[in-house]
Structures are given as structure tokens and as C-alpha cells.
Amino acid sequence: MRTIKADAIVVGSGPSGAAAAKRLSDAGYEAVILERQALPRHKPCSGIVSPRGHRFLIENFGPLPEETMHAPQYCRGVVFHFPSAPSLPMEFDGGPTPHLYRKFCDNWMARRSGAKIHAGTEFTGLEDDGKKVTVSARKDGEELRYEARCVIGADGPRLGVVKALYPGYAQSIPWFVVGQKFHAIKSCPLDEDYFHFWFHPGLGHYTWSHARDGRQIVGVGFKSGDAFDPRHARVTGYLRERHGVELGPGEDTEIVTANFGPSLINRYVFGKGNALITGQAAGFFNMIAEGMSCALHSGAIAGEAAAESFRRGTDMQSLYRGMIQSEVRRCSDQWNPLKIAFGRPHEADFRGALKKKAPAERRAIARDIFSFIKLYAPLGWGWQMLRQALLRAVTGRYSPSRWL
Ligand SMILES: Cc1cc2nc3c(=O)[nH]c(=O)nc-3n(C[C@H](O)[C@H](O)[C@H](O)COP(=O)(O)OP(=O)(O)OC[C@H]3O[C@@H](n4cnc5c(N)ncnc54)[C@H](O)[C@@H]3O)c2cc1C
């Protein structure tokens, strides 16, 4: 079997993989991206990127071409909806952000990373002897072997690289089902310039809707184990009764499973030896499941750590774990109850919007958010989040001792 050599193998051509590969290429190292699917590949995603993610795209990959965006091309912000309180619209800091067409945007980023791309090539395993990593992969039924100084696992929720390093990990975490359908719009009073999110414990752990290319997306996320269709029907029924949203039947159903949770409780997975894990595979997820900006930033940090380690001959894993602290702080702060109550961890002014409401409305919103949070109680995250928040307040960081 022929062995393909490179400085780094990046598994996954999503935002984290593209950003990692870009940093390596910019530093003069040869990176090969392995992508299991043919490119451009479909990616179920709302495509709303945070202002920080938008800046990263422009600064690192350049102005976004037309085909990288859906219609409406921009999103002005988020509207939070509650079962008994009035809705709360918030603009993104610094103006609207693009509504990304992941299929074409991810492909554009990967191409602009400067790395070689081996599409249709699935990572299947790795061996790290401390000096080099041997990666096995499969393309069209043929076994392939790669040799590199490091591997970067940027393969999202499939966790292929994580499973190769920690075989029991995937069984040790809760999994969520996230699904969406696309509907013809008969009448929809929800403002199409905003992403809409429901803090409603009766609907699901994550309930959203927004306009795309002339149709309305209705999505719901919940703990793995329930059926999607009845859950989705409950949401469309609620939208009709509460908001007067009249839609055609749901089409083009997309259902994925997600490893949501590590960023809430500071339980990230960063790999071992010369294998770095980044993006969603590492557990990065911002508030309202915005995962692209933290995937881009963490991916870039993984690429920088690898390049820095090549240059200085120092331990890659400890470099990465030191450098990734900044992204851990940004991401976990978004879920930190003390930061939410007394700080400004998000890129939309939640407390400012709340202040505009009458005191009785504010109390109703607080009650609704509290009963929504109780939905997560069986996961046992509440005390962990509080403890991490207190430690963050005292030490200024999230403890690396909880990371894998
Ligand atoms: C329904 C839904 C809506 C969302 N909406 C938003 C949103 O509006 N805004 C936002 O910011 N985030 C959103 N997210 C989250 C966002 O999509 C992810 O956080 C983000 O894509 C993570 O990027 P990544 O690069 O880490 O992984 P991914 O984008 O998942 O990329 C991983 C890549 O690795 C490839 N891969 C997997 N296994 C292998 C293997 N063994 N070998 C080779 N390649 C492999 C995959 O095919 C994929 O291309 C949403 C997610 C879902 C499910």
C-alpha cells in the first residue's frame, strides 16, 4: 500500500478543518484534508454565523462570494419567544451577519485553505508513535495510508478521531436529536430577517424557525430516544396557534444527532499526543447552538498549535491546551450563569433588550427561562455549571483538569 506523506492530516472539511488547514498552509506546512463525502457536501445547518465568525471568514478567507449565502442573505439578530411572556428581539452587535449556504461556503473555505483536499476519503483509524502519526483511511473501498507529524480531528459529531483515541467516549455522553423540515409559506408573521428561538419546555430542548430561500424551516432538538415527527408536528401546531404561522406540509426532512453539552460543563475533548481534536468534535457549541464561529476559531488554534510545535519542536498537546484556553473562555462564558447575569458574553444585548420590557414582563420572561432550564435537570448539568462558573470567577479560567 502506498503511503501518502504530509505535515498534517486534517480530518473533516467543515469550518474547523478549513481553519486548521489554513493556519498550517499559511505557516508553510503541507496539510491534507480528508473528507468522507464528495464535495461540495450538504450540511444540515441554519447557517447563521455570529459577528465574530463573520469577521473571521472575511479576515481569513476573504469576501464571501454570492453562492455562499442563502436568501435572505443576512440575518439581523435573534428573537427569543416564551410561552407566557412577550417576545424579545435582539440585533447582533455590529450589524447583520450572513446566512451561510453551508454546502458552498464550507467548500469555498476548504478550497481557500491552501491544503490538498482528498474528498470521498474516510478516516478509519490512527497510530501515534510519538514522532509520527499513521492514519488509515478508505476511498471507494480501497484502503489508504497517510503519515504525518500530526492529525487534527475536525470531523464534527461523528467523532471518528475521538473514538479512535477514546473508544468509550461516545457512549459516555448524552446525545441529542436535531431535526428540521422545510415548509411552503402560506402566511408567516415571524420577521424573516431574524432567527427565532423558543424557550418552551413543552416543545423541546431546542426549538427554532427561520426563513430560507422562500420556505420556512421549523426545527426541534431533544434528547435522543423520542420520535422526531410527532415532536415536529407539535411545534408547527404551536406556531399556528400562538403566532398565526400557516405553513404547507413539511418536506426534505433532515435529522442529525449532536454531541451537545461539553461546552456547558467544561468537559472538552482535545486529544492526546500528536492528535488534536477541534471544533464540534471537541465539544464547542455557543449559545442557541451557534457552532460555526467557535469551530473556526478553535480550528485555527489547533492549526497554529501544530505549526508552532513543528517550528519549536515542543510538545503539541500542551501548546494546544494552553492556546485553546481563550476559546474555551469565550464559549463556556456564553453558558455561564454568572456571566449571563452580570457580564456581556453574547454578541447580542440580552440584558439591554430585557431592560426595555416592563417589570411584570421581565418577571414573566425570567419565570419562563427558569422553567425551560429545568428541562435540562435530568442531565445533571446545573451544579456542574454553577461550580464551573464560581471557579471561573475566582481563578479567571475554566480548569483544564476536566478536559480529555
Ligand atoms: C440543524 C442544525 C442547525 C445548526 N445551525 C447553526 C447555525 O445557525 N449557526 C451555527 O453557527 N451553527 C449551527 N449549527 C452547528 C454547526 O453546524 C456546527 O457546530 C459546525 O458545523 C461544526 O463545525 P465543524 O467543522 O466542527 O464540524 P462539521 O461542520 O460537522 O464538519 C465535519 C466534517 O467532517 C467530515 N467527516 C466526519 N467524519 C469523517 C471521517 N471519518 N473521515 C473524513 N471526514 C469525516 C464530515 O463529513 C464533515 O464534512 C447547526 C447544527 C445543526 C445540526
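**Exercise 1.** Work out how strands β12 and β20 are joined, and place them in their sheet.

*Solution.* Start with the pair itself: β12 (residues 150-153) and β20 (residues 275-277) run parallel and are linked by 3 bridges. Strands here are DSSP runs of E with at least two residues, helices are runs of H or I with at least four, and both are numbered from the N terminus. Two strands count as paired if DSSP finds at least two bridges between them. Next, pick one bridge: G153 has I277 of β20 as its partner. Now zoom out: the open sheet has 6 strands, ordered β8-β3-β2-β12-β20-β19, with mixed pairing. Its edges are β8 and β19 (271-272), each pairing on one side only.

A quick note: this is a predicted model, where local features need pLDDT of at least 70, side-chain atom pairs count only at pLDDT 80 or more, and totals for chains, interfaces and linings use all residues. Residues are numbered from 1 along each chain as its sequence is written.

**Exercise 2.** List the buried residues of α3 and say what covers them.

*Solution.* Buried means 20 or more other C-beta atoms, placed from the backbone, within 10 Å of the residue's own. In α3 (residues 102-112), that gives R102, C105, D106, N107, W108, M109 and A110. Then check the cover, counting contacts as C-beta atoms (placed from the backbone) within 7 Å: it includes α1, β3, α2 (51-61), β7 (97-100) and β8 (116-119). After the helix comes G114, with a positive phi near 90°.

Note on methods: Buried ≥ 20, exposed ≤ 12 C-beta atoms within 10 Å, placed from the backbone. Contact = placed C-beta atoms within 7 Å.
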